[in-house]
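Visitor: Please take me slowly through one part of this model, namely the charged side chains and their surroundings. I would like each term explained when it comes up.

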Amino acid sequence: MTYSTVRPHARRVLWLSAGAVALALAACSPPADKKAETTAPSATTPAAAPAADKFVMPKVPAGDYKLDPAHANLEFKVNHLGFSRYTARFTDFDAKLKFDPANPSASSVEATIDPKSLTLPNPPAGFKDELTGKAWLDAAQYPAITFRSTKVEVTGANTAKVTGDFTLHGVTKPVVLDATFNGGYAGHPMDPHARIGFSAHGTFNRSEFGMGFGVPAPGTTMGVGDAVDVTIEAEFSGPPLPDAKAPAAPAT
């Protein structure tokens, strides 16, 4: 198929794929103790941000964590004609995480995306229907995009590579996410559950999932790029504080 046969608005857009979703994962093992700095920052000089190798694992409990959708974002980008990186997102997705701060490699994550929740920037009339239709995502036949981790490899003080089975358009292949553990707490009076947060990034080729429409011919950028770049920001809510008070019973 030549680029001239691609429908006009399909040329203008990326391919979308769901992107991996895997919403975040695993953290890293606690680093060795570091000596305290001998010189404190002056009152007029802001303290420098801690280096990555000084990350200290917060005291959060191991256990089951569920995605907080109000503090989560899943977007993807794809090259458009070599001129820009077209960006879109999915708004309906969920994830559950088993997290072990003492042994991050034993952590795991599962995520699910509804392809019908595709959200596009100023789409032409009918364009979303086309992309969720049979020629592209085929959301009617494949109503879910999923990611299930199979391996978590700690790579730094708060980073890990998360490998998982990614299923898109009825095809399942391994995808790797580079994940960063941003921190967390065991609970707060206004939020009496553990909370942790992650950022993650990954790339896959849509043509490997049967979505090769409009991919540029070798040596050209005339079309929509094959590589789909996925970015995830996610917070998870976990076990309650041990001394969290149960809500008072309503007055009778």
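Guide: A salt bridge is counted where a side-chain nitrogen of Lys or Arg lies within 4 Å of a carboxyl oxygen of Asp or Glu. What you see is a predicted model, in which local features need pLDDT of at least 70 and side-chain atom pairs count only at pLDDT 80 or more, while totals for chains, interfaces and linings use all residues. Residues are numbered from 1 along each chain as its sequence is written, and side-chain values use heavy atoms, with hydrogens and water left out.

To place the charged pairs, it helps to have the overall layout in mind. The protein has 2 helices and 10 strands, where a helix is a DSSP run of H or I with at least four residues, a strand is a run of E with at least two, and both are numbered from the N terminus. Along the sequence these elements follow the pattern α-β-β-β-β-β-α-β-β-β-β-β. Of the 252 residues, 42% count as buried, a word that here means under 20% relative accessible area, with exposed meaning over 50% and partly exposed the range in between (1.4 Å probe, protein chains only). If we take the contacts with a separation of 6 or more, 68% of them are between residues 24 or more positions apart, a contact being a pair with heavy atoms within 4.5 Å.

The structure holds 10 salt bridges, and we can begin with one formed by Arg 85 and Asp 229, whose side chains meet at 3.3 Å, N to O. This pair links distant parts of the chain, since Arg 85 belongs to strand S2 and Asp 229 to strand S10, 144 residues apart. The two partners have unlike surroundings: Arg 85 is partly exposed, with a relative accessible area of 47%, whereas Asp 229 is buried at 15%.

A second salt bridge joins the side chains of Lys 134 and Asp 138 at 3.8 Å, N to O. Here Asp 138 is buried, with a relative accessible area of 7%, while Lys 134 is exposed, its value being 64%.

A third pair, Asp 178 and Lys 161, meets at 2.6 Å, N to O. Asp 178 lies in strand S8 and Lys 161 in strand S7, so this salt bridge ties together parts that are 17 residues apart in sequence. Both partners fall in the middle class of accessibility, Asp 178 being partly exposed at 37% and Lys 161 partly exposed at 34%. Salt bridges can also share partners, and in this way Asp 68, Asp 191, Arg 195 and Glu 235 are joined into one network.

Two members of that network lead us to Tyr 185, which sits in strand S8 (residues 171-185). Not counting residues up to four places away in sequence, Tyr 185 touches Asp 191 and Arg 195, as well as Val 60, His 193 and Ala 194. Tyr 185 is partly exposed, with a relative accessible area of 32%, and its C-alpha atom is separated by 6.4 Å from that of Pro 58, although the two residues are 127 apart along the chain.

Now let us turn to a charged residue without such a partner. Asp 226 is found in the loop between strand S9 (193-205) and strand S10 (227-240). Asp 226 is buried yet has no salt bridge, and the nearest side chain of opposite charge, that of Arg 206, is 4.7 Å away; in this reckoning Lys and Arg count as positive and Asp and Glu as negative, while His and the chain ends are not counted. The side chain of Asp 226 does, however, make a polar contact with the side chain of Ser 207, at 2.7 Å. A polar contact is a pair of N or O atoms within 3.5 Å; within protein, one must be able to donate a hydrogen and the other to accept it, and residues adjacent in sequence count only if both atoms are side-chain atoms. Leaving aside neighbours within four places in sequence, Asp 226 is in contact with Arg 206 and Ser 207, and also with Phe 204, Asn 205 and Val 215.
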